[in-house]
Amino acid sequence: MIRQVSSRIVYSNPWMTVLEDAIEHPDGSPGLYGYVARPDFVLIVPEEDDGFHLVEEYRYPIGRRSWSFPQGSAEADTREDEARRELVEETGLQAGLLRYLGRMDNAHGMTDQGLHVYVATGLTRGEPHREHTEQDMRQRWVHRTEFEQMILDGVVSDSSSVAAYLLWRLRRA
């Protein structure tokens, strides 16, 4: 096991903390490990008519717009409530049934953040209640085969959405 010798905060803001840890490898040699501490988030697979509702927005770190499943960290008492709230915020859709699919690590080599995946069915439409930072967000429904092609074409490149889709497929089997 790798042992933490010390830890220091390099940078922090309301959304993340960058840490740098002095570590000791199993053979006793020293090392350094930097990572980002972030809270877990929810991702919702809004399933309807053999397809899904997706959202698209500009993602600053990659410098382009990107399609994905609705996801984020809405303030709520439970993860399920968080997923329901995030779905309404981004799409206006309310889930008649919300089923938990599982938890995954987001990028385990560089952050401690995880994602909790839900599938939403029995959807009813309403108005989105997007945050100010989501003002450029668009949404659309795509058939499952189109979604798979979007993944293959790199149109959907969000690793969380691709992983959630695989989890959805495996849980259906």
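Start at histidine 116: its relative accessibility is 10%, so it counts as buried, the cut-off being under 20%. Keep in mind that this is a predicted model.

**Stop 1: around histidine 116**

Show the strand that carries this residue. Histidine 116 sits in strand 9, which covers residues 114–124.

Now turn on side chains. Select arginine 79: its side chain makes a polar contact of 3.4 Å with the side chain of histidine 116. Then select tyrosine 100. Here the side chains of tyrosine 100 and histidine 116 are joined by a polar contact of 3.2 Å.

Which residues are in contact with histidine 116, leaving aside its neighbours within four places in sequence? Select Asp40, Phe41, Val42 and Leu43, which are among them. Add Arg79, Tyr100, Gly102 and Arg103 to complete the list.

**Stop 2: the open sheet**

Move to strands 1, 2 and 3. These three strands form an open sheet, ordered 1-2-3, with antiparallel pairing. Colour strand 1 (3–12) and strand 3 (30–37): both stand at the edges. Each has a single partner strand, so one side of each is left without a neighbour in the sheet. Look along the sheet for its twist, which averages 20° from one strand to the next.

**Stop 3: strands 1 and 2**

Hide strand 3 for now. How many bridges pair strand 1 with strand 2? Strand 2 spans residues 17–24, and its antiparallel pairing with strand 1 runs over eight bridges.

Finish on one of these pairs. Select serine 12, then its bridge partner in strand 2, threonine 17.

Terms used: Residues numbered from 1 in each chain as written. Predicted model: local features only at pLDDT ≥ 70, side-chain atom pairs only at ≥ 80, totals over all residues. Heavy atoms only, no water. Pairing = 2+ DSSP bridges. Helix = DSSP H or I, 4+ residues; strand = E, 2+ residues; numbered from the N terminus. Axes fitted to C-alpha atoms, helices over the stretch in contact; angles between N-to-C directions. Buried < 20%, exposed > 50% of the residue type's maximum accessible area, 1.4 Å probe, protein only. Polar contact = N/O pair within 3.5 Å; in protein donor to acceptor, adjacent residues only side chain to side chain. Contact = heavy atoms within 4.5 Å.
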